[in-house]
Every structure is written in structure tokens, then in C-alpha cells.
Amino acid sequence: MKCKVCSEHAVIDVRRHNAGFCQSHFIDHIKAQVVKTIKEFKMFEPEDRLLIAVSGGKDSLAIWDILLDLGYDATGFYLDLGIGGYSTRSKEASVRFADERGAKLIVRSLQQEHGFTVPELSRLTGRVPCSGCGLNKRYEFNRAALEEGFQVLVTGHNLDDEVATLFGNVLHWQTEQLGRQAPMLEERVFGEGGDAKTVLVRKVKPLVRVAERESAAYAVLKGIDYIVEECPMVEGNTQHRYKEAMTMLEEASPGTKAQLYFGFLKKASHRFKEEEADAPVVPCTSCGAPTLQWDDGKLPICSFCKTKTLAERNKLEGKTGAPQGRRRRRR
Ligand code: SF4
Ligand code: ZN
Ligand code: ZN
């Protein structure tokens, strides 16, 4: 196959675009996809300070690399989840990349910030690791962006991630989540200001036009030394299974993922926009993060603080949470 731009030997074919690319034109192609996404969804301006959530994997390092190449003020943020050797190696990859590129990286650790790791939290609460992990990441990314003065939080979600999330949201008709599934979520300010004010920073996903295979190829071709191994806790992650299902469809019919995801954004996402929870959003009385005020006479406490309190109580009492095994299939 030849490069669609220069007719030299192609190093990769992108079946959904029915095109092959040589190394340098593939890199240009990926950057062009990112630039197009930033513009189309009005994600940020050149003067904005961007905080990039990095995991040491191909997607987050690829988007950080692209944004640095494009001249943006892009700082990395690595959250150490305490998942044994996997966390050690993913942190090393992030630090190495920052050093090589002369970029700034902020590192925080769950253990140091809150006194637990993801595996401990799972054991103490009885919840699957990915659920506690996701909650912690959302909470810590927002907190770090606010505390360090960043206007925009960038994540490395790619097309495969987004389409798997969409598939899962549709399978379970999670209409509220469908209303919030977008490549750009504008900053949201709740409350009156001062202590009553609580903020969710703007969140953007500039890699949504890039498939997983393409972000891996970009990272390899750019010589980015990313961590290839998967998190050992990914086993049983439903998102993972949805990804596999969508990849099967994509192989049979190239373009399926993009068609489903961008079709949803264009034709259906607006129908779910008004799906807000019935309760008003107020600051958590413990930490100030946004949470819902239900009409049950209880003080509003966010999910993060509830989970943390449960974990601390169980730790003190030497208990573990009720195990949440997978439901046994009836025969
Ligand atoms: Fe966290 Fe689960 Fe991802 Fe591991 S696989 S990093 S536990 S969300
Ligand atoms: Zn070429
Ligand atoms: Zn809280």
C-alpha cells in the first residue's frame, strides 16, 4: 500500500478512511484530526492553561505530545493509584516523557493524599476496583485542576473508549450519562459564590477522532516510551468487554465505531441534554466538591467522601466490605 499523500511506502493503513500513510504523513494526519476536534468542539484557546491527565499509557502520552508540538501550555498530571508494580512503571513512563520533553508534570498519590490505594479501597468497601478508581480519578483530577489554577482538564480518551462508553450507556439506557457524554463538557459553577461556590472544570477529549490502534501507532512512530502492560485490575471491567464487541463489528465493517459515535453526537446527544438529576447541585459539606442535595434531611456529602468514610471506618474496625462478586448465571 502507498501513502495517500506522497505515494511512498505506507507504514499503516486506516481502513475507515480507506487510506495508507507513510510515517511523517501519518503523524501529520493524527495531528490534523486533533486540531479539527479542538476547533469543532471549541475545546480551548492558545492562551488557556491545560492540565493533561496522564497514565503513562499510549493515549495520554500521545495527546500530551501532540499538544506540546502544537505549542499549547500543557502540564501533565499523574495520579499514583498504588496498583503495585503497574503504578510504579506507569509513573516512571510519565516522568521519563516529561523529562525528555522538558514538560512540567505534577505527581500526586492516593496513598499520600487520602491514606489508601485502589486495591485497599476495593477491599475495604467491597466494590470492584474500577468503580472506586474511576471515582477517585474524577475527584482528584478536578481538585488538582482547581488547586493548581488550570482552566481545562484534558484526558486521552480515544474513539474506542468513547464508543464503548456509548454502547454501555445505551445498553443500560443510562440517559443522564448519555446527556453528559460529549468530547467537551463546559466548566460548571454551582452555588452563589464564596464558600457556597463549587466548580467542575472544563473537561475535553481531543483524541476522540483517533482510534486506539492509531494512537498506539502514533506513539510508536514518535518514539514515545509508553507503558504497554494493562492494569492488572482490568479483568472483569465491563467497558473492556464492550470495546471487544465494538472492535469485532469494526473489523467486519470499517467505520462502524466512528459512525455510531459521531452519529450519536450529531443526531441524538441533544435529546438527552436536559436529563439532569431532580436534586440541586450544592457543595459537599465535608470537602466542598459538587454533589446533590436530596430532600431527605441529611447533609449533602459527595460520593468520594462517603466512600472514603466507609473505607476509614472499616479499616479502623478491621472489617472489609461485602464482596461484590459477579452474579452467577442461572442455568
Ligand atoms: Fe483503575 Fe480499573 Fe483502569 Fe485499573 S483498569 S486503572 S483499576 S479503572
Ligand atoms: Zn507520505
Ligand atoms: Zn466531599
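## Exercises on a predicted model

N18 counts as exposed, at 68% relative accessibility. The model is predicted. Each exercise below starts from a task and works through a solution.

**Exercise 1. Place N18 and describe its backbone angle phi.**

Step 1: Locate the residue. N18 sits in the loop between strand 1 and strand 2.
Step 2: Read the angle. Phi of N18 is positive, about 50°, although N18 is not a glycine.
Step 3: Check the surface. The cut-off for exposed is over 50% relative accessible area. N18 has 68%, so N18 counts as exposed.

**Exercise 2. Do the same for W173: where is it found, and is it buried or exposed?**

Step 1: W173 is found in the loop between helix 7 and helix 8 (175–180).
Step 2: Phi of W173 is near 45°, a positive value in a residue other than glycine.
Step 3: W173 has a relative accessible area of 56%, so W173 is exposed.

**Exercise 3. Work out the geometry of the zinc ion (ligand 2) and the parts its donors tie together.**

Step 1: List the protein donors. They are C3 (SG), C6 (SG), C22 (SG) and H25 (ND1), lying 2.1 to 2.3 Å from the zinc ion (ligand 2).
Step 2: Test the angles. Four donors count as tetrahedral if all angles lie between 85 and 135 degrees. Here the 4 donor atoms subtend 96 to 115°, so the arrangement is tetrahedral.
Step 3: Read the spacing along the chain. The pattern is C-x2-C-x15-C-x2-H.
Step 4: Place two donors. C6 lies in the segment before strand 1 (12–14), and C22 in the loop between strand 2 (19–21) and helix 1 (23–40); the pair therefore ties together parts 16 residues apart in sequence.
Step 5: Compare their surroundings. C6 is partly exposed at 31%, whereas C22 is buried at 10%.

**Exercise 4. Repeat the analysis for the zinc ion (ligand 3).**

Step 1: C284 (SG), C287 (SG), C302 (SG) and C305 (SG) coordinate the zinc ion (ligand 3) at 2.3 to 2.4 Å.
Step 2: Angles among the 4 donor atoms run from 106 to 113°, and the site is tetrahedral.
Step 3: The donors follow C-x2-C-x14-C-x2-C along the chain.
Step 4: C284 is in the loop between strand 11 (281–283) and strand 12 (290–292), and C302 in the loop between strand 12 and helix 12 (303–316), so this pair links parts 18 residues apart in sequence.
Step 5: C284 is buried at 4% relative accessibility. C302 is buried at 3%.

**Exercise 5. How many aromatic pairs does the structure hold? Classify the pair of W64 and F97.**

Step 1: The structure holds 8 aromatic pairs.
Step 2: The ring centres of W64 and F97 are 5.0 Å apart and the planes meet at 40°, so the pair is tilted.
Step 3: W64 belongs to helix 2 (residues 58–69) and F97 to helix 3 (residues 84–101), so the pair ties together parts 33 residues apart in sequence.
Step 4: W64 and F97 are both buried.

**Exercise 6. Describe how helix 10 meets helix 11.**

Step 1: The axes of helix 10 (residues 238–252) and helix 11 (residues 256–267) come within 8 Å and cross at roughly 115°.
Step 2: From helix 10, M246, T247, L249 and E250 meet T256, K257 and L260 of helix 11.
Step 3: Sorted by class, this contact has 3 nonpolar, 2 polar and 2 charged residues.

Notes
Residues numbered from 1 in each chain as written. Chains lettered and ligands numbered in written order. Predicted model: local features only at pLDDT ≥ 70, side-chain atom pairs only at ≥ 80, totals over all residues. Heavy atoms only, no water. Donors = N, O, S within 2.8 Å, 3.2 Å for Na, K, Ca; no water. Tetrahedral: all angles 85-135°; square planar, octahedral: opposite > 155°, others 65-115°. Helix = DSSP H or I, 4+ residues; strand = E, 2+ residues; numbered from the N terminus. Buried < 20%, exposed > 50% of the residue type's maximum accessible area, 1.4 Å probe, protein only. Axes fitted to C-alpha atoms, helices over the stretch in contact; angles between N-to-C directions. Contact = heavy atoms within 4.5 Å. Nonpolar A, V, L, I, M, F, W, Y, C, P; charged D, E, K, R; others polar. Phe/Tyr/Trp six-rings, centres within 6.5 Å; stacked < 30°, edge-to-face > 60°.
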